[in-house]
Amino acid sequence: MSIGLLLLIVVGLGVIGYFLGRRRALASVSGDPRRLHSLPSQYGQSVFLFTVVPALLLLVVWLMAQPQVIDRQVRGMVAADGSEGAALSLKMADVTRISEGLDALVARSAVTEEQLDSMRADFSDIRGRLAEVGVAVGADVEPDVFQAAKARRSLVGTSALMMSLAVLALAAAGFAFALNRIGPEFRARNVSEAVVMALLIGSSLVAILTTLGIVLSLISETLRFFQVYPAREFFLSGVWNPQFRGGSDLGIWPLIWGTLYVSFIALLVAVPIGLLAAIYLAEYADKRVRGVAKPMIEILAGIPTIVYGLFALITVGPLLRDYFAQPLGLGNSSSSVMTAGLVMGVMLIPFVSSLSDDIINAVPQAMRDGSYGLGATKSESIRQVILPAALPGVVGAVLLAASRAIGETMIVVMGAGAAAKLSLNPFEAMTTVTVKIVSQLTGDTEFASPETLVAFALGLTLFVFTLGLNVLALYIVRKYREQYE
Amino acid sequence: MTDATANNVPASSVHGGSLLSQNVRTRRRNAAERRFRLYGVIAIGLSVAALLLLVSSVLNNGVSAFFQTYAKVEVMLDPEVLDPKGNRDPAEMSKVTTIGYGNLMKDAFPAALQKAGISVEGITDKEIGDMLSKEAPAQLRNRVLADPDLLGQTIEYWALATGRIDGYLKGRVTMASAELDSNVSPAQLRLADQMREADMLETRFNWDFITFPDASELRPEAAGLGVAIIGSAYMMLIVLFLALPIGVAASIYLEEFAPQNRLTDIIEVNISNLAAVPSIVFGILGLAVFINYAGLPASAPIVGGLVLTLMTLPTIIISTRAALKAVPPSIRDAALGVGASKMQSVFHHVLPLALPGILTGTIIGLAQALGETAPLLLIGMVAFVRDYPSWPVDGFFEPASALPVQVYNFTTRGDPGFVERASGAIIVLLVFLLCMNLLAIWLRRKFERRW
Amino acid sequence: MTSVKFTVSALAVIAASATMASARENIQTAGSSTVLPYATIVAEAFGENFDFPTPVVESGGSGAGRKKLCEGVGENTIDIANSSSRISQSDIDLCASNGVTEIMEVRIGYDGIVFASDINGAEFAFTPADWFNALAKDVVVDGAVTANPNTSWSQVNANLPEQEIMAFIPGTKHGTREVFDDKVILAGCEESGAMAVFAEANGGDEEKAEEMCTALRTDGVSVDIDGDYTETLARIDANKNAIGVFGLSFYQNNTDKLKVATMSGVTPSTESIASGEYPVSRPLFFYVKNAHLGVIPGLQEYVEFFVSDDMAGPNGPLADYGLVSDPELAATQEMVASGTPMGPLQ
């Protein structure tokens, strides 16, 4: 039985359970819902949940455990010749592929089960037959591998059958149990709400899982990097100069400096403009202006960063060079920290304005009215009443913008250049951590070389860096947050 | 002014004698008010100006991608060449490759020109043949294979012209640049002029740009966005169906139910941190977890969708929480007061009221996801894909491209014909965004309210 | 970890139940962005003329491509890795440890690297020594090692125009940079005699001397470009005095915007590179996983089609686009037809 069908049956049973449960609950109080502890539909939900949830959990657990259990049994068959370690895991991969290939062969009716039983690796051209169904095998199939594959296939078949039966049995049991419990005193609401709560908690755990996934996928490669390159150099050296032939200097400081410098300029542009725009939209603008201007600013957030990058490269860069950098004697590079910062600032405006706007809107009208009542002008109320009230939220919006600035890639690639440098001059080309992550990972250097692996170390550093920043920010926001009514 | 100050300060210094004329202080306050208001206008003006500047430069470069030049060729579909066995069996006929069809067209083209009375002196037959796109024989071949009865007929066929000829009609290529250009000669351009006068060369609206798949570097004129649009649409579907429910559920828990404890703290820090994680890191995650660990296929919308979901979640959570926070506690108290459970008060009262804010955040998140390039670079979305993916759900697992990646892809190509296509692709992307935004505005207008 | 596994497995379950384990039908290749244009040209023609689906060609760099090739055998791994440099022993070892024992190395031709400036600018005739003296961090002046004092090309070589030195060279992520370092800077270092002086200064340590040769100045005169040639072109457009490093094919598609410089008196062209007169070039490769031949439909046909005279020959579309075709193509065709795996690296 396929998993899809199994799922369908279980869910179908659950739906039937819902209606039966509802009916039974109403029947138990002879149609007077006031005498029930919970709403009738909540009784139905409880039956649905008791039917579906345990059965699905079993299904998932079974599917997760099955490969391990079967692997362990089959492993003995191929390990008989004394192979171990990498060789053994290669063989096991072959076993898995071949047994799945045999499934495909049978599914395509290329062979029958009987023919399969009599198939022997040393007689039939297994590799050729498997190739027909698109299953690649590295080398010719050894007899013990083939036997193991056949064994695995039958084990998988048995296990799948057992799983179907167990899941269906559990679903049926849950169904009967839940239906049985229904009565006027049964607290169905608590059951259904507990499950909804579990779903809510589960959803918020996705964030932790994501972080965990990121850290795990970064950390192993980072450790490999530090095995081939001294961590001291990486964290303390002020020179970034990767080489193809080895002997690279991979100090992170020029990159961090570039990142911070560009982000700083971007925020210098985005925060005042975004905040003032948000204030105007929320407090001054009439409905018509607001209806036009707000979505227009939001579009800025949706413009692909590569468009901004091109804009920086072709328009803003030469403009800044010809009218500012050269007359002021500050350099003659068209790609500079200033270019990237300005353009990135434009991109960040909506991140600041849109969220600040919502937050300012959320400040209770009573506070405005109170301020006006005391004789304050509109701008005075905004500066002294509304902004302080909205401050934690605004800080949140600015932090979101700062995060974007630090993590932005394409604009910096095209606007700021690729030169890693420690300099104060905003009209010079510099580079950022993100730029180097992309370029080292998609480059032509060998994957196992420190020049490529450094990307993971950079990623992890950036990750830890933003983590620290956020913990700090969160602390600040918490300390000053107030709840208004 | 309060009573206290009125008692202590001489009245004249506050009111300047008359209620009808403004005193210095009032004037100053009013000026400050006007200034403040002006700052707001300037801020809005700057943002809108930046947007207009960007959009106009994109439009300026990209509108021409929606038009394409075609040349009229009369081709005699010679059965001797195209169906050597003579049995009109498409399987047999497909043995004749596009090279065969190309030769047929190259022979027919100069002849057709002469028949139309256009002088072809001073230009070789090869040069004339090179004015047609390499895509044209492929299209002709498909047409013949679909309809073998055409064999033996002389058909009038509008073939794609090459990117350079197309560029000449659009003003991108000039006689002066053709002198220097190794891919086009002034003689070809002069011939193009003559053909245009004879109505054998014309520029039309180009639907193919939206529907065709990508093309190789030799055929900028045939490159389209079909596969990229489908890929992006699939990814957005995945993001919407995963990120919105998960994001809203997580926000509700954190904002309404979560106790103040270590776990909640960790989750909160995590979420705000994830919003700051560079998108490229999500690419690394996608590569390690979804492709290498879970074995999902590379270049497929499912992986892109999952990565973008994880990337969009924090944005949606943060703005949803802000929206929930903005719903006054009195609403909750009222619901609880009439006997609703906490769960009911949230789902029946708070959530609907927070919907406009949630929509705003979701739109910003989706817009961000739609335009995101960097993480897709690592999970194989920067790929040359010619075959359209099939319908969902199967299509989620088949190779596809994505719109922003296609833009990136076009900008890295050598032929200048791809530049306008990159801007054209951006226009399509912006149109998508505009549609999403309009929908959101409409929804928000319907629900927005102020407490 | 278990919870990650849980989520992932759950996703995989959904995935598995959605697609009933259908075998992959299209060829998948990945790797170098230099080989990408050629691979797409072949893939497109292959899709048109054969009954197989058009191969999917991924970009992403030679290193990542070879790593993906070496991840193992099976339909969830790629079939071909495009590479702008030769595979290294560490990659071969990685492949072997993952069961990819037989790899076929296919050289498709050569890629020329040219130096070009704005079309309206001055003419340049370089030698490798000029480049070394213009861009090296330390140069030899009157027999002594000094920090590079040159600011204009005419100071480097009196025959060059009086124009400030500004060079856009490929970033260190590009394989092109390796070629540039080897065949231009290092060659120029030896040619100008600086190598010998450096070696002497380091007490005869050749390796140190080579390192000194390839150390480029960091005062903004030489600018690394991590992007593609289009970015270099855009930067030259914004900075008319600059000289950029391009691939031959890119230059050939933009002859109306770029003026190419000669190197040691030779103008770069497919002919002069094929004959070996023009010094700055490199071979391009792709690597085929032999275990997939005959399994992934069309793979054998695609590989043969790629190296056929119709495609990679001197008159084929690849040569039209700027690939310098391999004089030993016939041997490659034979090797591909018989599926001979590559031997150990020399």
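**Chain A, its contact with chain B, and the domains of chain C**

Biologist: What percentage of the 485 residues of chain A count as buried?

Modeller: The model is a predicted one. A residue is counted as buried when 20 or more other C-beta atoms lie within 10 Å of its own. Of the 485 residues of chain A, the share that meets this criterion is 49%.

Biologist: What radius of gyration does chain A have?

Modeller: The secondary structure of chain A consists of 17 helices and 2 strands. Its C-alpha trace extends over about 85 × 80 × 40 Å along the principal axes. For a compact globule of 485 residues one would expect a radius of gyration near 23 Å, but the value for chain A is 32 Å.

Biologist: Which helix of chain B supplies the largest share of the side that touches chain A?

Modeller: The contact involves 75 residues of chain A and 78 residues of chain B. On the side of chain B, these comprise 57 nonpolar, 16 polar and 5 charged residues. The largest share, 18 residues, comes from residues 24-62 of chain B, that is, helix α3.

Biologist: How many residues of the side of domain 1 of chain C that touches domain 2 of chain C are charged?

Modeller: Chain C is assigned domain 1 (23-110 + 282-338) and domain 2 (112-281), and their centres, taken over C-alpha atoms, are 31 Å apart. Their contact takes 16 residues from domain 1 of chain C and 13 residues from domain 2 of chain C; α15 (317-321) and β14 (324-325) each supply at least two residues of the domain 1 side. That side divides into 7 nonpolar and 8 polar residues, and the number charged is 1.

Conventions: Residues are numbered from 1 along each chain as its sequence is written. Chains are lettered from A and ligands numbered from 1 in the order in which they are written. This is a predicted model: local features need pLDDT of at least 70, side-chain atom pairs count only at pLDDT 80 or more; totals for chains, interfaces and linings use all residues. Helices (H or I, at least four residues) and strands (E, at least two) are DSSP runs, numbered from the N terminus. The radius of gyration is taken over C-alpha atoms; the globule rule is 2.2 Å times the number of residues to the power 0.38. A residue is buried if 20 or more other C-beta atoms lie within 10 Å of its own, exposed if 12 or fewer, and partly exposed in between; C-beta atoms are placed from the backbone. Two residues are in contact if their C-beta atoms, placed from the backbone, lie within 7 Å. Ala, Val, Leu, Ile, Met, Phe, Trp, Tyr, Cys and Pro count as nonpolar, Asp, Glu, Lys and Arg as charged, and the others, Gly among them, as polar. Domain bounds come from an automatic or database domain assignment.
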